[in-house]
Amino acid sequence: MRKIVSLVLASFALFSISVNAADSTHTNKLVLVKPDADNAGLKLPAGFGALKVADNLGRTRHLVVSAQGDVYIKVQGRVTGDKGIIKLRDTNGDGKAESISNFGNYGGTGIAIKNGYLYASSDEEVFRYKLDDKGDVIDTKQPEKIITGLKKGNQHETKSIALDNEGNIYVNIGAYSNSCQIEDRSKGSLGRMPCPILDSAGGIWQFKVNVPNQTYAQGVRYATGLRNVVGLDWNSQLNQLFVMQHGRDQLHDLFPDLYDEKASAEKPAETMYAIKKGTNAGWPYIYYDPEMNKKIVAPEYGGDGKKESTDPAFSNPAIAFPAHLAPNGLLFYTGNQFPAKYKNGAFIAFHGSWNRAPLPQAGYFVVFVPFENGKPTGKWEVFADGFSGMEVVTGTRGAAHRPCGLAQGPDGSLYVSDDVKGTIYRIVYNKETK
Amino acid sequence: MKAIKFGVVVLTAFLLINSQNSVAGEQPAQSSLKASIARGKELYLVQCLACHQVDGGGVPHLNAPLDGSANVKGIDKAKLIKIVLNGLKGEEIEGENYSNVMAPHKELTDQQIADILTYVRNAWSNKASQVTVAEVKTVRAKLK
């Protein structure tokens, strides 16, 4: 016990040194904040610390931090009392939110800030709010509705958003199906050919940021064959959209003769794609096998678990991850606070699996993917773990927290949202403890 | 000494007869419930576990929980039977929306459905009455 106490004291001391160091060396008044004594319950690489900015905010999904350091968070589900967007402000510089306000009467997932506007999505529409020069929303009651009438099925209904530097916004429209079977999620049911869902979902649509009430008619199907994307980010260094696809579920349940429970838990990969206009990732016709590193024909479309797809229309992923981890947040790190290796690499928030049962569940962590020459090196690592609060997650309901959204603060801190308890984490790096 | 020995024998015999009596008395209902739960558990692992999970907790906002569910434990067994036969899609359950669809399971026999439902009504923290083959048969006939 005494050991723990002195360790905690020592780490406090180290972090306070850095606060002083930051005071004297930074000219832009950005002061490193003190992590919580237990690093907010997270396991982090040496030199990193974490604190809870706020807690118990509801189903907090994606989030964004303004240039002034205020945190805007999109809340999913049926919201009451204008709690669709929550704004956190740290008024005394301790990193904790002293001021919590809210606006917006719609649930949703997507949120972003670009060129003086805050953008936020419901499951069918995208709105934007003009910001003043302090980063505050000028009129919280009357946003401009820029996109409307997007397809919202019974699954994969969230609309994540990302913006480029040329006045375009990219919206994920998830496929309202697991694998485009005639009877969704029914054993042995074959795939519909061609899959009719792809005309209005299962891809990324591009719209203009400044045109009101755009519908499918004004949008461009920018990428297709993507079952569902929750995490996506515009990489400004490469000037390119990157997305994380949630791979299909239930290979064993639906085709038990072709896949045993272990194969079903390990396949297919969760995949990152570097998107160009017209990219086709191949859903529902194929999936990516993380062990064979091949595109495999889906069993609904004549696959036998091994048959490789040779269709040149389908793109390869930039990098593949273990199955079912549920990538819900993607962020290219451009800050200067973290060590140099993190710059221009990708953080991914994996929400955590449910589709690995009866094997133990996996994910529930934030990983880092180093990039070199604009491509992932392939050597990804777990960056922040311990969200679930348990060594092994057997049932998804048991996880205390599930990481969902990622954002970068103006000082280079990494923010992570949790949509179980509505906890907002802030991860900081302390040069003194390197 | 002999008397004591005799007493032990009598007592043992009495206990034996008594316990046999009680087994004989309760056996049909009790053992049929136990056997149904055991069969139901095996079927649950194959048919239900992927979505409803090993702890019956489901997956928040995706797949409805069975453990602790008023619907699962409730008296309206016909409603439960119908859900297994027809599946479920886009319906609000106990004030919550669940994104995933539940496929219909008409291919299961009346016995299998009775066993699965008897199991989920008596697994984890749940405790409720048995679902019988006759009850499943009645509901299935009405759906035709």
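Reader: Let me check I've got this: a residue counts as buried if 20 or more other C-beta atoms lie within 10 Å of its own, exposed if 12 or fewer, and partly exposed in between, with C-beta atoms placed from the backbone. How many residues of α5(B) are buried, then?

Author: You've got it! In α5(B), eight of its 11 residues are buried, which leaves the helix mostly covered. Helices are DSSP runs of H or I with at least four residues, strands are runs of E with at least two, and both are numbered from the N terminus.

Reader: Thanks! Anything I should know about the model itself?

Author: This is a predicted model, where local features need pLDDT of at least 70 and side-chain atom pairs count only at pLDDT 80 or more, while totals for chains, interfaces and linings use all residues. Residues are numbered from 1 along each chain as its sequence is written, and chains are lettered from A and ligands numbered from 1 in the order in which they are written.

Reader: Cool. Which residues of α5(B) are the buried ones?

Author: They are B:Ile113, B:Ala114, B:Asp115, B:Ile116, B:Leu117, B:Thr118, B:Tyr119 and B:Val120.

Reader: And which residues does α5(B) meet in α4(B)?

Author: On the α4(B) side there are B:Leu80, B:Ile81 and B:Val84, and they meet B:Ile113, B:Ile116 and B:Leu117 of α5(B). Residues are in contact if their C-beta atoms, placed from the backbone, lie within 7 Å. This contact of α4(B) with α5(B) has six nonpolar, no polar and no charged residues. Nonpolar covers Ala, Val, Leu, Ile, Met, Phe, Trp, Tyr, Cys and Pro; charged covers Asp, Glu, Lys and Arg; the others, Gly among them, are polar.

Reader: At what angle do the axes of α4 and α5 of chain B cross?

Author: Roughly 120°, and the axes of α4 (residues 77-86) and α5 (residues 110-120) of chain B come within 11 Å. Axes are lines fitted to C-alpha atoms, for helices over the stretch in contact, and angles run from 0 to 180 degrees between N-to-C directions. The two helices, α4(B) and α5(B), are therefore oblique to each other. Under 35 degrees would count as roughly parallel, over 145 as roughly antiparallel, and 65 to 115 as roughly perpendicular, with the rest oblique.

Reader: Zooming out, how many helices and strands does chain B have?

Author: Chain B has six helices and zero strands, so its pattern along the sequence is easy to remember: α-α-α-α-α-α. Buried residues are 27% of its 144 residues.

Reader: What's going on at B:Trp124?

Author: B:Trp124 is in the loop between α5 and α6 (133-143) of chain B. Its phi is near 55°, a positive value in a residue other than glycine. With 16 other C-beta atoms within 10 Å, B:Trp124 is partly exposed.

Reader: Switching to chain A: where is A:Asn56, and is it buried or exposed?

Author: A:Asn56 sits in the loop between β1 (48-54) and β2 (60-65) of chain A. A:Asn56 counts as exposed because it has 8 C-beta neighbours inside 10 Å. Phi of A:Asn56 is positive too, near 55°.

Reader: Last one! How many residues of chain A are in contact with chain B?

Author: There are 19 in chain A, in contact with 18 residues of chain B. The chain A side has four nonpolar, nine polar and six charged residues.

How values were computed. Contact = placed C-beta atoms within 7 Å.
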